Amino acid sequence: MSHAREDSATYDARTASELRRARITGRALPLLGDDIDTDRIIPARFLRSVVFEGLGEHAFADDRAALRAQGGLHPFDDPARAGASLLVVGHHFGCGSSREHAPQALYRRGLRAIVGGSFAEIFFGNCVSVGLPCAQLSPADLARVFALTSQDASLELSLDLTRRELEVGAERFPVSLPEAARVAWVEGTWDSTAELASAAEETRRVARSLPYMNEFLTETVD
Amino acid sequence: MGKTLYQKVFERHTVRQLPSGQHQLFVGLHLIHEVTTPQAFSMLEERGLRVAYPERTFATVDHIIPTRGLTRPLADPEAEAMLAALERNVEASSIRYFSQARGENGIVHVLGPERGLTQPGMTICCGDSHTSTHGAFGAIAFGIGTSQVRDVLATQTLAVTKLKVRRVELYGRLARGVYAKDVALFLIAKLGVQAGVGYAHELAGEVFERFSMEERMTVCNMSVEGGARVGYVQPDSTTYDYLEGREFSPRGAAWERAVRYWESTRSDADARYDDVVRFDASEIEPVVTWGIHPGQSIPVGGTLPAENGQGRENLREAYQYMQLEPGRPLAGTPIQVAFIGSCTNGRASDFAEVAELILALRRAGKRATVAPGVRALAVPGSQAVRAELIQRGHAAILTEAGFDLREPGCSMCLAMNPDRLEGDELCASTSNRNFKGRQGSPRGRTLLMSPVMVAAAALTGVVTDARRLMEGPA
């Protein structure tokens, strides 16, 4: 394990500055709707791959095709939204499957942060893992942000995780998010492997103390 | 003040508190499959890391595996690449692999319990949201993403946020013809698909105590559909009876000690819960979903809700996609496909219930064959389940009735293999998700229900209250 720890430390030193996600600035991609599941974000057939590369173009593939067939235009296909980097979503975004492919697809599509009503738990954890900040707005503020960003595709947004604030043009809205995730994104420490590996000795101690790891010779729970 | 099982097992597995406030948690059992792991192994390799505790990880192939005509290389080159990557990775890291070549494969959440790998008082992770299934044994079991799979492989630990605990109590008795799947769908309809976010659900009360392990697994499996990443039932004699004698279960003197440990993990009588909800089991009827998430359901005898009913939801999108109308009954709606299987309802007891229905109909002199124009798939959750169906004669009953009995896999639950809906086919399904496009066709439509209700729909060709099947003329 010791040589492995050094390798991971080197890896982290190389990328630490690139990993900080304190402030994300760009235009908005508003996507109305609640309970948008990860099967819609990235349909299962695109998971038939051993790499994450190339997922970006398939984000919302079926929703986009369905709208096109009806003569509509999905926000992800709207030329006015090309290059947008902040996704605005409703409630319980990312429910369903644990596929990390969902945030991977959004990130690889060029999105760098998500603001919305609320997020499903596994999806949120995966967004921590891929360095894609998610922040929550109150229902009233979310409605206002949807209204502002739907009207004007050129509007500049800035999500400031240090100040816990979203700027939309001249307006400011408070955002909330779990502190551990906020710190991980701001400080660029969201890639957890090296930190976890640094406690290898404590891990071995806990492993040895677990009943099912030692023929149940230590048995009680305090 | 007493503690819950969640608190006890969490504390026992805590390596340390991290500076972020999260906890570093030891993972007792890590289950892996071909879809969410190739990138995790690649990341390890990039960083020059090795699998830290290979003896605590177990692998199988389930999502992409064809359910018939399995020859290598697989016809789908992408599926073949994923299977080959899994085989390479488990070989290089000395991970025990339940392979299709040796006839050991199965859906990861069916396989773990039946091998005795899943045990009370453990922490269990897998790159799959339905890992909550294993909570049926009194384990803390939850789904993780691929980067977290990397962390578990590299360190056997994870950075996790401690959940709150909600006691979900079901008292009274279930009516005849009401199954564990109905309980799961009922709870989601009552609580909402988001209520469980931030919570572990402790499923408690008489109904869960009387439930078999298979029934407990069905409800814990669906916890995540109600937003709760973790659902669990306290371990008891039902749990221990199930585990005794299984391949990875403790034996001899260790068995006695194991039961003592498992007993000690049970929630204390004076445990403090962050929330408690109680429901009367006698209220529950057979449930069918009609919409595009598992919370959109009605009792099979009910009518579809108004488009702008209560709550935050606008149901128009669901109605448009499902081609259904508010105010109408769902019963009588023609289906084109029936699917019995998945980690929710792909165990031997699920197929046994269907076989019993078919036998009862036959005994009553009624037609018991799949309706014309319906494709009916029966996909066992594992090779062991399949062998049991054959041995008990249930396979023959299902086949004679017109079900297409396949080899095990996730199959049409999420259609990563060749089994899928075509066009806008409507499928009565025992799986767990009715999301848009979930069963492989971007316009495919899913109605979730219990295995017996799916069988009733398959035999009649329409959504049917299975309890009514025995009534009326032959």
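This report looks at three parts of chain B in a predicted model: a hairpin, a helix with its surroundings, and a single alanine.

## The hairpin of strands 1 and 2

In chain B, strand 1, made of residues 14-17, and strand 2, made of residues 23-26, run antiparallel and are joined by three bridges. One residue pair shows how the strands are matched, since the bridge partner of B:Gln17 in strand 2 is B:His23. Five residues lie between the two strands of this hairpin, and in the hairpin B:Gly21 takes a positive phi near 100°.

## Helix 2 and what it packs against

Helix 2 of chain B spans residues 38-46, and its buried residues are B:Pro38, B:Gln39, B:Ala40, B:Phe41, B:Met43 and B:Leu44. As a general guide to reading such a list, an α-helix has 3.6 residues a turn, so residues three or four places apart point the same way.

Within chain B, the buried residues of helix 2 pack against strand 3 (29-32), helix 3 (77-93) and helix 5 (146-155), and they also pack against helix 4 (101-108) of chain A. After helix 2 of chain B comes B:Gly48, a residue whose phi is positive, near 65°.

## B:Ala352 in helix 13

B:Ala352 belongs to helix 13 of chain B, which covers residues 348-363. Is this residue, B:Ala352, buried or exposed? B:Ala352 counts as buried because its relative accessibility is 5%, and the cut-off for buried is under 20%.

When residues up to four places away in sequence are not counted, B:Ala352 touches B:Arg392 and B:His394. B:Glu317, by contrast, is 35 residues from B:Ala352 along the chain, and the C-alpha atoms of these two residues are separated by 37 Å.

Terms used: Residues are numbered from 1 along each chain as its sequence is written. Chains are lettered from A and ligands numbered from 1 in the order in which they are written. This is a predicted model: local features need pLDDT of at least 70, side-chain atom pairs count only at pLDDT 80 or more; totals for chains, interfaces and linings use all residues. Side-chain values use heavy atoms; hydrogens and water are left out. Two strands pair if DSSP finds at least two bridges between them. Helices (H or I, at least four residues) and strands (E, at least two) are DSSP runs, numbered from the N terminus. Buried means under 20% relative accessible area, exposed over 50%, partly exposed in between (1.4 Å probe, protein chains only). Contact means heavy atoms within 4.5 Å.
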